[in-house]
Amino acid sequence: MSSQEEILTMPHDQIEQVQIEGIKKTVVNCYENIPFYKKSFDEAGFDPYSVKDFDDLRRAPFVTKQDLRDAYPYGMLAVPLRDVKEIHMSSGTTGVATVGAYTEHDLRIWGDCFARGVLYADGGPDDVMQVCYGYGLFTGGLGAHYGGLSSGATVIPTSAGNTERQIRILREMGTTIMCCTPSYAMHIADTAISMGVDPAKEFTLRAGIHGAEAFSDNFRAELERKLNYKVLDVYGLTETMGPGVAIECMEQDGLHIAEDHFYCEIIDPATGEVLPDGEWGELVITTVDREASPVVRYRTRDITRILPGTCKCGRTHRRIDRLHGRTDDMLIIRGVNVFPSQIENVMETFTQVSSWYQIELTTKNYLDVVTLKAEVNPDFDFDSTGAIDRLQKEIQAALKAALSVGVKVKLVEPMSIPRSTGKAKRVIDLRGENL
Ligand code: DLL
């Protein structure tokens, strides 16, 4: 058994011991080296030196993305800059980015965590891993890269984009594991098919380690059918490391948290109360042994739950469920709370439409208007206006019933919604732009 497999099958009380020892150091390290934590712990009356168990940690205040942004660029570093060997940043669509810094130790841990995805896929040195996540400040490319190296696989760092070349390499280099966003994997598959290539037969893929965005079970099934491989979901975020915080095993029954490095809690986002296993809420993460950018009770805004019980694979690290979106994904449409995943669930019941959709929000006469653009499948007769009208009305009625809010449905031709090589853009909010 490899040492990683030994860690992954450790009795859970031993994992908890590792976590508690690490957390004790993390809270003291944050308090002593990061002025933000000194202030926030003191204000909350939280004594980092008194932490002995997980209940004690629960008395610590949360840290938010805004806190990390306010500390830009180096305010959250717990080590001297000379010990930092690499820096990544979140894309920061709303302005200031958040910074993730890594010591040599942090980079090694990162590689080991992502390498668990390769282990879960029953892979190792005999695999050829094509990394088509973007390389750069985004953590996808280099995180997968370090994971590939740590697992002993042969890494081909194609980065994102140049889809025809990706396809050529997939066919010619014997790639067995592909790493990219699920939407980019679908785009690669569809482009290959449109080029007359049958990826299910001509590619040699065994597994895809896909994450960075939510994707439905149907989307996964379609990917697995088109590419004839197994899709494993990988979760992570710049603020705590990048990809590898949690990864699915071949059971595809939740993502095993790398619990020796991350302590996860689920809270009620409205009250901050910790919820029991099995209940859905917001994921909060404390790093166990991160040196450069430790976080104590970071509110991820991601919605999931801890799956009770143990996994059939025999590994002992607890699992989170596949993510159901983010608390800040919630759209408030005419006062009604709507999650894009609810819209997706309805769409999936219509076999005539594909998984490509975009939600556009506009304002008309001071009221929110939601338009859902969805692509029909290539075998649907798009020229039959009667059929299109009928289907649009059926989908509209189903959405109204499910969401209690009217959604205008506009079916469009296959391949007409722009594809992305990274995270797909599902919601376009044009409200407030006087349209
Ligand atoms: O997306 C890190 C990553 C790269 C994860 C490659 C997996 C693969 P950020 O750009 O900081 O980091 O975005 C983090 O993306 O808080 C989630 O909302 C979302 N996210 C990440 N993985 C998943 C997933 C990377 N498997 C944010 N399912 C997170 C759903 C995900 N959402």
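Buried means under 20% relative accessible area, exposed means over 50%, and partly exposed is in between. Keep these cut-offs at hand as you work through the exercises. The structure above is a predicted model.

**Exercise 1. Is Asn228 buried, partly exposed or exposed, and what stands out in its backbone?**

Solution.
- Step 1: Find the residue. Asn228 sits in the loop that runs from helix H11 (217–227) to strand S7 (230–237).
- Step 2: Apply the cut-offs. Asn228 has a relative accessible area of 49%, so it counts as partly exposed.
- Step 3: Look at the backbone. Asn228 is not a glycine, yet its phi is positive, about 55 degrees.
- Step 4: Recall the usual pattern. Most residues other than glycine have a negative phi.

**Exercise 2. Place Ser404 in the chain and classify its exposure.**

Solution.
- Step 1: Ser404 belongs to the loop between helix H13 (385–403) and strand S19 (408–412).
- Step 2: The relative accessibility of Ser404 is 53%, and therefore Ser404 counts as exposed.
- Step 3: Ser404 also has a positive phi, near 60 degrees, although it is a residue other than glycine.

**Exercise 3. Which peptide bond, with omega near 0 degrees, is cis?**

Solution.
- Step 1: The bond to pick out runs from Tyr72 to Pro73.
- Step 2: Pro73 is in the loop between helix H5 (65–70) and strand S1 (86–89).
- Step 3: As a reminder, most peptide bonds are trans.

**Exercise 4. How many disulfides does the model have?**

Solution.
- Step 1: Start with the idea. A disulfide is a covalent bond between the sulfur atoms of two cysteines.
- Step 2: Take the cut-off, which asks for two cysteine sulfur atoms within 2.5 Å.
- Step 3: With this cut-off, the count is zero disulfides.
- Step 4: Check Cys132. Its nearest cysteine sulfur belongs to Cys180 and is 4.4 Å away, and Cys132 is in no disulfide. Cys132 is buried, because its relative accessible area is 0%.
- Step 5: Check Cys264. Its nearest cysteine sulfur is that of Cys113, 11 Å away, and Cys264 is in no disulfide. Cys264 counts as buried too, because its relative accessibility is 6%.

**Exercise 5. Describe the largest nonpolar core, then look at Tyr37.**

Solution.
- Step 1: The largest nonpolar core has 47 residues. Helix H2 (residues 12–33) supplies the largest share of this core, with six residues.
- Step 2: Among the residues with the most contacts inside the core are Val27, Tyr37, Tyr235 and Phe262.
- Step 3: Now focus on Tyr37. Leaving aside neighbours within four places in sequence, Tyr37 is in contact with residues including Cys30, Tyr31, Met76 and Val296.
- Step 4: A second, separate core has 26 residues, including Ile343, Leu372, Ile388 and Leu403.
- Step 5: Here is the general picture. In soluble globular proteins, nonpolar side chains tend to be buried together.

**Exercise 6. How many cavities of 30 Å³ or more are there, and what lines the largest and the second largest?**

Solution.
- Step 1: The count is four cavities of 30 Å³ or more.
- Step 2: The largest cavity has a volume of about 150 Å³. Its lining has 15 residues, and Leu68, Met76, Leu77, Val99 and Ser293 lie nearest its centre.
- Step 3: Sort that lining by class: 12 nonpolar, two polar and one charged.
- Step 4: The second largest cavity has a volume of about 50 Å³. Its lining residues include His105, Asp106, Trp110, Phe262 and Arg290.
- Step 5: Helix H6 (residues 104–120) gives the most to this second lining, with four residues.
- Step 6: By class, the lining of the second largest cavity has four nonpolar, three polar and three charged residues.

**Exercise 7. Compare positions along the chain with distances in space for Arg431 and Thr349.**

Solution.
- Step 1: Arg431 is in the segment after strand S20 (427–429). At 24% relative accessibility, Arg431 is partly exposed.
- Step 2: Arg431 and Tyr135 are 296 residues apart along the chain, and their C-alpha atoms are separated by 33 Å.
- Step 3: Not counting residues up to four places away in sequence, Arg431 touches Ile332, Leu361, Thr362, Thr363 and Asp368.
- Step 4: Thr349 lies in the loop between helix H12 (340–347) and strand S17 (353–364). Its relative accessibility is 58%, so Thr349 counts as exposed.
- Step 5: Thr349 and Ile332 are 17 residues apart in sequence, with 24 Å between their C-alpha atoms.

Definitions and conventions
Residues are numbered from 1 along each chain as its sequence is written. This is a predicted model: local features need pLDDT of at least 70, side-chain atom pairs count only at pLDDT 80 or more; totals for chains, interfaces and linings use all residues. Side-chain values use heavy atoms; hydrogens and water are left out. Buried means under 20% relative accessible area, exposed over 50%, partly exposed in between (1.4 Å probe, protein chains only). On a 1 Å grid over the protein atoms alone, a cavity is a set of points where a 1.4 Å probe fits but cannot get out, and a pocket is an open set with protein on both sides within 12 Å along at least five of seven lines; lining residues have an atom within 4 Å of a point. Grid points are joined across faces, edges and corners, and a volume is the space filled by probe spheres set on the points. Ala, Val, Leu, Ile, Met, Phe, Trp, Tyr, Cys and Pro count as nonpolar, Asp, Glu, Lys and Arg as charged, and the others, Gly among them, as polar. Helices (H or I, at least four residues) and strands (E, at least two) are DSSP runs, numbered from the N terminus. A nonpolar core is a set of buried Ala, Val, Leu, Ile, Met, Phe, Trp, Tyr and Cys residues joined through side-chain atoms within 4.5 Å. Contact means heavy atoms within 4.5 Å.
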